[in-house]
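The questions below ask why certain labels apply to a structure. Each answer sets a value against a cut-off and concludes.

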Amino acid sequence: MTGLLLAIVLALQAPEVEAILARENDPEALSQAARGFAEARRYAEAELLWRRAAELRPDFFPALFNLGFMHFSRERFQDAAPWLERASRARPKDYNARYLLGTALVRLDRREEGLRAWRAALALRPDDVRLMQVMSVEYSKGRYYTEAAAIARRALGVQADDPNLYYLAIKAAQDAGDEGAALQAARRAVKRFPESARANFELAFHLYKLGRVEECLPYLRKAMEADPRYEEPFFFHGDLLVRQGNNDEAVRYLEKALEIRPDYTAARVSLARAHLSAGRPRDAVAALDEAARLDPSNPQPHLLLSQTYFRLGDEARAGAEREISLRLRRENPAVLEAAQGRPFPEKP
Amino acid sequence: MKHGPAAIACILLLWAMTPAAPQGVATRNAAPAARSAASGQPFPVSLVDVAERAGLAMVFVCGNEEAKRYIVEANGSGVALVDFDNDGWLDVFLVNGSRLEGFDAGSAPTNRLYRNQRDGTFVDVTRGAGLARSGWGNGVSAGDYDNDGFTDLFVTYWGKNVLYRNRGDGTFEDVTDRAGVSGSVEQWSSGSTFIDYDRDGKLDLFVASYLRFDRAKTPLPGSGPNCDWKGVPVFCGPRGLPFGGAALYRNRGDGTFEDVSERAGIRAVSGYYPFTALAVDLNEDGWTDLYVACDSSPSLFLRNNRDGTFSEIGIETGLAYNEHGIEQAGMGVAAGDLDGDGRLDLVKTNFSGDYPNAFRNLGRGIFEDIVLRAGLAVNPQFVGWGVGLVDLDNDGRLDLFQANGHVYPELERQRRGESYRQPRLVYRGLGGGRFEDVSAAAGPGVAARMSSRGAAFGDFDNDGDVDVLVMNMGTRPSLLRNDNTSGNHWIEVKLEGTKSNRSAIGAVATVEAAGSRQTAAVASQSSYISQNDLRLHFGLGRARRVERFRVRWPSGAVEEFPGAAADGFIVLVEGSGIVQRQEIRR
């Protein structure tokens, strides 16, 4: 908040706040008063009082932290970060200050600084699984895949009864290009949650990725049995059958996936591929038209529509679909690519 | 004022994963695909580097080999195996580059021509041949554009390109200005190919320019999202730099060419970074088409419309992207019949973290990528460049050779599991479009780690098996002699057009032997901006003779020739109907 704004607020609130400021030189008392204003949602007054407390004692943690926390809770991360930073310096072993600082910095798109603050928080609470989860997600967003996988694995080591931690570890290992670790985590998930559709699907998926197609099929079947309303194994099995050239059987699974989730674009595109390979281009067009309607920013239905119309001998429509597909790619060039991982910069 | 950190954490977890920022080069984090069970058969081929012994001493220069500031330093150059003096022995032409800081007067490296001395060695005849030209050379293509019986050369540059007319007396003449095919000095040309697109019997010329490179306007390493590789600051691009283009020159038949890019529809195609150009008839309509492997942009299938124009139909026909519709960093391309169905399929090399493409031709110019089924997706850790579909062991099934090398020498110092210098790959063809990786058994020349780019394929020692010439960044080339102990039979076929262009570029030959058929095309450029032997090599397995030849000439004529004994060099002349022995001077 600027000095001018504070001055205006001060003028408006002058009698009450001025009275406190005039009589109190004790940071504790100022902080207590500020807290009362904050609880009454009178944030400007609270800020003035905490600022005063911090002026009187620059390392007075309650003022520094509460100022930061107040701004943070109002999603004013730019204002929160400096106070939380000072709070962290004033009390290096305070977990909350470091945690909130990390979160504020991440929200400000200062991911690397945020992750460093979180690392410090984690050092204070080494078993904080929730923090490990968010760290893994943020490492992934920053393309620090190796770090994301390591911390997800660590979270799983601390708490082995949360299925979401398994899936996080699987995904992180996959992003890091460590298919072996992904498979291992998926195996552990199935062992711990043998009736889970998701766990069985994950195991099937990663067995397939390692080329163990026959081995993956029982887990796919188990996943479909365990939860007939879970679309992923139906889609995956259907897509796998398309790749194997078993198009008619593929259609059954893909249609089931679409019955569960009608807006599943990838399943519609795969269904179109099955129809196209089976010599039913008109059915392929229908599936792709629907996919394009449901997901208008996705270039893939238009790409396949272009190829389908070309096979049908309609080059004009093939060309038109091709142009749409190209335009959509240009609008979001990274949509179909995986970014390369990179090591986390240990030092700023 | 108490919010639990856990609650905030949950909110954070719900943030949508934002799409990754685009990077300088198109790739993905593809893991090696599973390998099928090994055939267990020994591979009877050992590729041994004999370049030094053979006298190929030229050192390739392409910018700084420790750290590359600009993309122009990264792409290397092409090589050629051509018989320039018609003695029946393949000679070697190497394209050389330069460096940003230049060279002292008289010390700049030049391209080199080495004449085959028919004893396993070569002699440098560059100066005498009139080919000692320095500059930032890139690719090479060969063809007899004036139909005088001697193979001419076209060399692309960052700068003006050069057309060399082979005088037939061991010397070449720079005819670029008269021919009108230099392009502009600002261009950075990459791929080129001779092609008789109008079937008038005269070779026309297609030239691709990779991108519009202006050093003054190109950002430095690490200065943007297109200038980073896994956290390492590297040169920027190609993404983020202005796209390249292409030109088509029509051969008037009087030594001059006419720029028909506009009229032919070539100029209208935009938004790509082209590398290798390949001229073959992909949709089997009797007219030669163009395929251009493009870096980090859709690759191009320029269909010959039979009326002097081309239509770009890569996306429609499945040749622009991989099987998932994902853009790739295409480098090199090879044509061959992967699955023995008589149609020309394509293999394209791509960047690391990605698979190559094995585009199976379904007919009518429609393709599907069968790279996983083909067993060629098992080594995505390498950046692939030069590539050849050649029958290394003469068993009648095409094998695949791939030259590799990363583009970022900075990786050598990072020790993060990626290396600038990479080994080569050899896949044995198993038939039916399937391959197995036999690199570990294919000899020391395959295991050697280099940062390679161009590669050319041909039988330089005329011993009946295909050898490989490879460009290596910052060092001499590799000449990988094929020591083949299979005892299989073979035949080498030179096609000579009469109504068609004399080099028969664009012709497709089919041989029938022991009940099986093989199909191959004569191409002016393929692999990575390189030139293979214009003769076609067929392994025949145990068959001692070819029963029949069939040639689809670029003129559109289809001609059958009687069979011939195996283990020899023959010439099929358009319209003659007879098989002649190729003269090999000893």
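Buried means under 20% relative accessible area. The model discussed here is predicted.

Q: Why is B:Cys236 called buried?
A: The relative accessible area of B:Cys236 is 3%. The cut-off is under 20%, so B:Cys236 counts as buried.

Q: What makes B:Cys227 and B:Cys236 a disulfide?
A: Their sulfur atoms are 2.1 Å apart. A disulfide requires sulfur atoms within 2.5 Å, so the pair qualifies. A search of the whole structure finds one disulfide over all chains.

Q: Why is the disulfide of B:Cys227 and B:Cys236 given its handedness?
A: The torsion about the S-S bond is about 105°, so this disulfide is right-handed. As for burial, B:Cys227 has 3% relative accessibility and counts as buried.

Q: How do you know that B:Cys62 is in no disulfide?
A: The nearest cysteine sulfur belongs to B:Cys236 and is 17 Å away. A bond needs sulfur atoms within 2.5 Å, so B:Cys62 has no partner. B:Cys62 is buried, at a relative accessible area of 3%.

Q: Why is the sulfur of B:Cys294 too far from the closest cysteine sulfur for a bond?
A: The closest cysteine sulfur, in B:Cys62, is 19 Å from that of B:Cys294. The limit is 2.5 Å, so no disulfide is assigned. B:Cys294 has 0% relative accessibility and therefore counts as buried.

The next topic is aromatic rings.

Q: How many aromatic pairs does the structure hold over all chains?
A: The structure holds 35.

Q: What makes A:Phe61 and A:Phe65 a stacked pair?
A: The ring centres are 5.5 Å apart and the planes differ by 15°. Pairing needs centres within 6.5 Å and stacking needs planes under 30 degrees apart, so both conditions hold. Both residues lie in helix α4 (residues 61–73) of chain A, four residues apart, about one turn of the helix. A:Phe61 is buried at a relative accessible area of 8%, and A:Phe65 is buried at 14%.

Q: Why is the pair A:Phe72 and A:Phe77 called edge-to-face?
A: The angle between the planes is 75°, with 5.2 Å centre to centre. Planes over 60 degrees apart count as edge-to-face, so the name applies. Both A:Phe72 and A:Phe77 are buried.

Q: What links B:Tyr70, B:Trp136 and B:Trp158 into a cluster?
A: Ring pairs do. Other members of this cluster include B:Trp188, B:Phe243 and B:Tyr528.

Q: How do you know that the charged end of A:Arg125 sits over the ring of A:Tyr95?
A: The charged end of A:Arg125 is 3.8 Å from the ring centre and is assigned as sitting over the ring. The distance limit is within 6 Å, and the position must also be within 35 degrees of the ring normal. The charged end of A:Lys256 likewise sits over the ring of A:Phe234, 5.6 Å from its centre.

The last topic is a sheet.

Q: What makes β1 and β28 of chain B edge strands?
A: The open sheet has four strands in the order β1-β30-β29-β28 (chain B), with antiparallel pairing. The edge strands, β1 (45–49) and β28 (452–458), each pair on one side only. Neighbouring strands are turned by 25° against each other on average, direction ignored.

Q: Why do strands β29 and β30 of chain B count as paired?
A: Strand β29 (residues 467–472) and strand β30 (residues 478–484) share three bridges in the antiparallel sense. Pairing needs at least two bridges, so the condition is met. B:Val468 stands opposite B:Leu480 in β30(B).

Terms used: Residues are numbered from 1 along each chain as its sequence is written. Chains are lettered from A and ligands numbered from 1 in the order in which they are written. This is a predicted model: local features need pLDDT of at least 70, side-chain atom pairs count only at pLDDT 80 or more; totals for chains, interfaces and linings use all residues. Side-chain values use heavy atoms; hydrogens and water are left out. Rings of Phe, Tyr and Trp (its six-membered ring) pair if their centres lie within 6.5 Å; planes under 30 degrees apart count as stacked, over 60 as edge-to-face and the rest as tilted. Buried means under 20% relative accessible area, exposed over 50%, partly exposed in between (1.4 Å probe, protein chains only). Axes are lines fitted to C-alpha atoms, for helices over the stretch in contact, and angles run from 0 to 180 degrees between N-to-C directions.
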